[in-house]
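Student: I'm new to this one. Could you take me through its salt bridges up close?

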Amino acid sequence: MAGPGDFDIQWTSERSLRVSGPMPAHAAAGVLRGVSGIRDVVPTEGAVYLTVDPLGDVTPDKLAQKLKGVEGRPAPEPRVHEIAVCYEPPHAMDLAEVARLSEMAEHEVVEAHTSTEFTVAFLGFAPGFGYLTGLPERLHVPRLASPRTRLEAGSVGVAGPYSGVYGLPGPGGWRIIGRTKAVMFGVEREEPALLRAGDVVRFRSITAREFDA
């Protein structure tokens, strides 16, 4: 069932709702967090998925009214993260290929990546992995034909319209252009993931010596 106004709010199961509309998913997620009866809020690229208390009184109409009540208001200031990245060997294993595919010099790829202000659209794939939007179109390159079986935590990659940082060691198919020591996911922290949907991320280039210090 669609909700009133421009928001489309549908039950996907007896405990789950899908919300989409004119507001970016990460912004809608910020509005819906803390609403009584909602147990979990997961923004994706084009929608927000909610897990609700089956004994609560959450309905599509109530959620639509909640969203329309804040639509058009100035968005709160996002959190800003500056993440230091080494774009030098051995951490930038695909930088040369990304430069070739983009018809740019390697230093131009780094300059484009570090001069971009990214927004965290949503988190997924692996703990702490944020899908960062804003990547210049020239850097939109395809994933690797065969994913690597293991990447180190902190590997910084690009794939399609996104950039992202692997929070934990594991397999990955994105093209790696650098690495950071920033801890993207830590179970000891009250909020394990460093990034939230809606946060702003800027990357800063550091040398291999600085990375190893």
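**A look at the salt bridges**

Tutor: Let's start with Arg-39 and Asp-53, whose side chains meet in a salt bridge at 3.6 Å, N to O. This pair links distant parts of the chain, 14 residues apart: Arg-39 sits in strand β3 (residues 38–43), while Asp-53 is in the loop between β4 (48–52) and α2 (60–70). Keep in mind that you're looking at a predicted model. Arg-39 is exposed, with a relative accessible area of 53%, and Asp-53 is partly exposed at 25%.

Now move on to Asp-199 and Arg-79, where the salt bridge comes in at 2.7 Å, N to O. Asp-199 belongs to the loop between β12 (175–179) and β13 (200–206), and Arg-79 to the loop between α2 and β5 (80–86), so this bridge ties together parts that are 120 residues apart in sequence. Asp-199 has a relative accessibility of just 4%, and buried means under 20%, so Asp-199 counts as buried. Its partner Arg-79 is partly exposed, with a relative accessible area of 29%.

For a bridge inside one helix, turn to Glu-97 and Arg-100, both in α3 (residues 95–102). They are 3 residues apart, which is about one turn of the helix, and their side chains meet at 2.7 Å, N to O. Glu-97 is partly exposed, at 29% relative accessibility. Arg-100 reaches 53%, and the cut-off for exposed is over 50%, so Arg-100 counts as exposed.

These three pairs are among the 9 salt bridges that the structure holds.

Note on methods:
Residues numbered from 1 in each chain as written. Predicted model: local features only at pLDDT ≥ 70, side-chain atom pairs only at ≥ 80, totals over all residues. Heavy atoms only, no water. Salt bridge = Lys/Arg side-chain N within 4 Å of Asp/Glu carboxyl O. Helix = DSSP H or I, 4+ residues; strand = E, 2+ residues; numbered from the N terminus. Buried < 20%, exposed > 50% of the residue type's maximum accessible area, 1.4 Å probe, protein only.
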